[in-house]
Amino acid sequence: MSLPPLRILDFCWVGAGAFVTRILSDLGAEVIKVESHSHPDNLRLSGPHKQGAKPLEGSGYFASRNNGKKSIALNMRRLEARALALRLAARCSIVTNNFRPGVMEKWGLGYEQVAAVNPPVIYLAMPMQGSRGPHRDFIGFGSTIAALSGLVETSGVPGRSPIGTGTHYPDHVPNPGHALVGLLAAIFHRARTGEGQYVELAQLESTVNLQGPGILAASAGAPAPRRPGNRRAGAAPCGIYPCKGEDRWCAIEIRDDREWQGIKRVFGDPPWMQPPEWESMSGRLAAADEIDSRLANETRRWDAQALAARLQQEGIAAARVATSRDVAEDEQLAARRYWQWVEHAEMGSILANVPPFLSVTEGRRPARPPPLLGEHTLEVARELLDLGEAECRRLVAEEILW
């Protein structure tokens, strides 16, 4: 099926929504990000920042979520800016936002209002708890959603306070992943039928999906899940073990008795690994704390990458715990040109990741820099809104394009 090019009017900001449209940009869509100098995307204020860059233009976090997009500056506090946004929505195939319910409607840009001028539009809304129900007006961000879903409570070390999962869950995996699947389904549906779609992703609901096994167990009368730390049910030893150097670690999981024999060989069959009861999984699970303590003394003598490679030769699930630098210097990623240098007007040369997939017709797409705030305002005004130079100057002077 041949799909037409996509143009996306993107009101998403911060993490989850911006990552959805970043992926679509990577796939070749033209993404027009709506911003404002009076109310900039919070990610532009988030570190790490490039030293010497102008305010709002030096955030590495913003760059990683917005590579390849265009940016227009619209002062949505002004009625004329809202009218221009609606005209622009009429010329786009997808409109996205992750605001709380009512914001887009207040601006005259709700689904029904956009569909009236653009019937085949695909419209994505990503409110925290949906657009209906008693909690529709609650607002929050990734950490709020993780707490409400129970994800924080089940993340951490037994006997200690919960620690949560950082921003990757839910902001950068389940929520953008679910939203992207919904958008792609709507795109294929429109290609077959010509019909537009309203796609709503309640971010709390997509995060709760991560709790599926625990919810099913609780429904069957099982006790509430405990924080497992780095262990996993049915595997022993299983954890993150210290290695040579400062803050270097290796993840190891022994899933059956054959793998136990393999890890013994790796460490030279030391006497402490010989208790007969440890030959079975049940025996190792019963002595998991002692095994972990002794195993840590063995792993400290190894380089993390070398240990992981040796364990993998035995068919054992093992991997070095990678730092950011490790990921940036990874040989596998380098061989596939996953990391590429791009030139940014304020930050200079910055390292950008490209899609981990290949385009069938074009191969690997080159990396593209993130936009400056409002960098493409006049281009979009002229080419998509058909505004003349004098009109553009007036709108800028009156801080409508701003």
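**Contacts, helix packing and backbone geometry in the predicted model**

Outside its neighbours within four places in sequence, Thr96 is in contact with Ile8, Leu9, Asp10, Phe11, Cys12, Thr21 and Leu124. The model in which these contacts are found is a predicted one. Thr96 belongs to strand β4, which covers residues 94–97. With a relative accessible area of 0%, Thr96 falls under the 20% limit and is therefore buried. One of its contacts is polar: the side chain of Thr96 meets the side chain of Asp10 at 2.8 Å.

The protein chain as a whole contains 18 helices and 11 strands. Its C-alpha trace extends over about 85 × 50 × 45 Å along the principal axes. Of the 402 residues, 46% count as buried. Among contacts with a separation of 6 or more in the protein chain, 67% join residues 24 or more positions apart.

Two alanines illustrate such pairings across the sequence. Ala16 is located in helix α1 and is buried, its relative accessible area being 4%. Beyond its neighbours within four places in sequence, Ala16 is in contact with Met126, Asp171, Asn175, Pro176 and Gln203. The C-alpha atoms of Ala16 and Gly177 lie 8.9 Å apart in space, although 161 residues separate the two in sequence. Ala81 is situated in helix α3 (residues 79–89) and is likewise buried, with a relative accessible area of 0%. When residues up to four places away in sequence are not counted, Ala81 touches Leu74, Asn75, Met76 and Ile400. Ala81 and Trp402 are 321 residues apart in sequence, yet their C-alpha atoms are separated by 9.3 Å in space.

The packing of helix α1 involves helix α8. The axes of α1 (residues 16–26) and α8 (residues 174–193) come within 8 Å of each other and cross at roughly 50°. This angle is neither under 35 degrees nor within the range of 65 to 115 degrees, and the two helices are therefore oblique to each other. The crossing of α1 and α8 is right-handed. On the α1 side, the contact is made by Ala16, Phe19, Val20, Ile23 and Leu24; on the α8 side, Asn175, Pro176, Ala179, Leu180, Leu183 and Leu184 take part. By residue class, the contact of α1 with α8 comprises 10 nonpolar residues, 1 polar residue and no charged residue. An α-helix has 3.6 residues a turn, so residues three or four places apart point the same way.

Helix α11 (residues 257–266) has as its buried residues Glu259, Trp260, Gly262, Ile263, Lys264 and Val266. These buried residues are covered by elements that include strand β8 (249–253) and the helices α12 (281–286), α13 (288–299) and α14 (304–313). The N-terminal end of α11 is capped by Asp256, a side-chain oxygen of which lies 3.2 Å from the backbone nitrogen of Arg258. After α11 comes Gly268, with a positive phi near 80°.

Positive phi values also occur in residues other than glycine. Val14, in the loop between β1 (7–10) and α1, has a phi near 60°. The relative accessibility of Val14 is 27%, which lies between the limits of 20% and 50%, and Val14 therefore counts as partly exposed. Arg337, which is not a glycine either, has a positive phi of about 55°. The position of Arg337 is in the loop between α16 (331–335) and β10 (339–344).

Cis peptide bonds precede Pro170 and Pro237. The bond from Tyr169 to Pro170 has an omega near 15°, and Pro170 is placed in helix α7 (residues 168–172). For the bond from Ala236 to Pro237, omega is near -5°. Pro237 lies in a loop, which runs between α10 (212–219) and β7 (238–242).

Notes:
Residues numbered from 1 in each chain as written. Predicted model: local features only at pLDDT ≥ 70, side-chain atom pairs only at ≥ 80, totals over all residues. Heavy atoms only, no water. Axes fitted to C-alpha atoms, helices over the stretch in contact; angles between N-to-C directions. Helix = DSSP H or I, 4+ residues; strand = E, 2+ residues; numbered from the N terminus. Parallel < 35°, antiparallel > 145°, perpendicular 65-115°, else oblique. Left-handed = near helix turned anticlockwise from the far one by under 90°. Contact = heavy atoms within 4.5 Å. Nonpolar A, V, L, I, M, F, W, Y, C, P; charged D, E, K, R; others polar. Buried < 20%, exposed > 50% of the residue type's maximum accessible area, 1.4 Å probe, protein only. Polar contact = N/O pair within 3.5 Å; in protein donor to acceptor, adjacent residues only side chain to side chain.
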